[in-house]
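Reader: Got a model here I'd like to walk through. Can you take me over it?
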Amino acid sequence: MLLSLSPSGSKLRAMTVLARPARPAKPMTRERVRGFLAALASTNPEPESDLDFGTPFTLLVAVVLSAQTTDAAVNKATPALFAVAPDPAAMAALGAEGIGPYIRSIGLWQGKARNVAELARLLVERHGGVVPSEREALEALPGVGRKTANVVLNVAFGQATMAVDTHVFRLGNRTGIAPGKDVRVVEDGLVRRIPREILGRSHHWLILHGRYVCKARAPECWRCVAAEWCNFPDKTPAPAVKPPRKAAEPGRAGRVRAVSQTRSSIPMADPSAIAEHMEIVGSDGLHVGTVDHVDGQRIKLTKTDPEAGGEHHFLHLDCVEKVEEGKVVLNRLAAQAQDEWGVEQVG
Ligand code: SF4
């Protein structure tokens, strides 16, 4: 069952829509796995992490900070942090209170500041200030779970591990490359089926493909280079070409298209609670973008998805459900505006 918005009328109204359950993909054969990954490799042979780091320690910290936020948000915060605390000893000396101001723009920053300070202290105390290359030692550090350990082991130490994040888990099941009910089953399936020599790069190929093409809400199968190898049974057709928009009147370029037909029924968010660089997530918890600034009753947001055809968009404040834990959470009105791009690109 899905909740949808009334397409017309002045009130926001929930409607019940019977959604066809997603059909499971058949597991790929090993030949199809190889073809699928080769297709992804053809567009990006040497993929790299979107996170900026220079050493195993800064990689570890960046991955810990990236939990439930975007790599772009982490990359904005870490240069200044790593300039003053490039190694475990300096980070431990900085402490949680010293780390906090550098990462306030990142979701859950208080807990992350405590974890980073403590993991730095433990690296000094237990490992002589060196990031260990053993899973058990890594997972004993605060804020480091199996996924983070897998990233560090793979990227920093070249070990045959596969970190399963939300994108990799979705692709594992949707495409049939490694179906599984939980992340561990998907991880084990990927490690078993992907040749060891390309396991590291496959991690990046899958994440990037999930982030930019095989998206959570609607996979863009019509432009997917790996479509012929993918077992997803309900591939998305190319969208109908929309007629060109009417030219904007002089002086009106870049204005927000009105979403006022529903505005009266939505409580307005307090603009003072919304800060620059905050992450914006949809009502489904998925990343939408980051706050550029609040302009009157509108938020200018930066989309980090380069495939969207533009960077800056406006949303009216009545698209905001709440602000919590450093994130702006959008409501269902925003989901409609997003689907239709009921906002105009700026500039
Ligand atoms: S975008 Fe479509 S065709 Fe490509 S991997 Fe995802 S589900 Fe398969």
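Author: Let's go through the fold, the core and the ligand shell. Keep in mind that the model is predicted.

Reader: Basics, then. How many helices and strands does the chain have?
Author: The chain has 11 helices and eight strands. It runs to 347 residues, and 35% of them count as buried.

Reader: What share of the contacts joins residues 24 or more positions apart?
Author: 57%, counting contacts with a separation of 6 or more.

Reader: How many residues are in the largest nonpolar core?
Author: That core has 61 residues. Phe 36, Leu 60 and Ile 99 are among those with the most contacts inside it.

Reader: Which helix gives the most to this core?
Author: Helix 2, residues 56-65, with eight residues.

Reader: And Ile 99, what does that touch?
Author: Leaving out residues up to four places away in sequence, Ile 99 touches Leu 81, Leu 94, Ala 113, Val 116 and Ala 117. Another core, of 12 residues, lies apart from the largest one. Met 278 and Leu 315 are among its members.

Reader: Switching to helix 7. Mostly covered or mostly open?
Author: Mostly covered. Eight of its 10 residues are buried. Asn 150 and Asn 154 are among them, along with Val 151 and Val 152.

Reader: What covers those buried residues?
Author: The cover includes helix 2, helix 6 and helix 10.

Reader: Now the ligand. Which residues are closest?
Author: Cys 214, Cys 221, Cys 224, Cys 230 and Phe 232, out of 13 that surround the ligand.

Reader: How does that shell divide by character?
Author: Nine nonpolar, one polar and three charged.

Notes. Residues numbered from 1 in each chain as written. Predicted model: local features only at pLDDT ≥ 70, side-chain atom pairs only at ≥ 80, totals over all residues. Near = placed C-beta within 6 Å. Nonpolar A, V, L, I, M, F, W, Y, C, P; charged D, E, K, R; others polar. Core = buried A, V, L, I, M, F, W, Y, C linked by C-beta atoms within 7 Å. Buried ≥ 20, exposed ≤ 12 C-beta atoms within 10 Å, placed from the backbone. Helix = DSSP H or I, 4+ residues; strand = E, 2+ residues; numbered from the N terminus. Contact = placed C-beta atoms within 7 Å.
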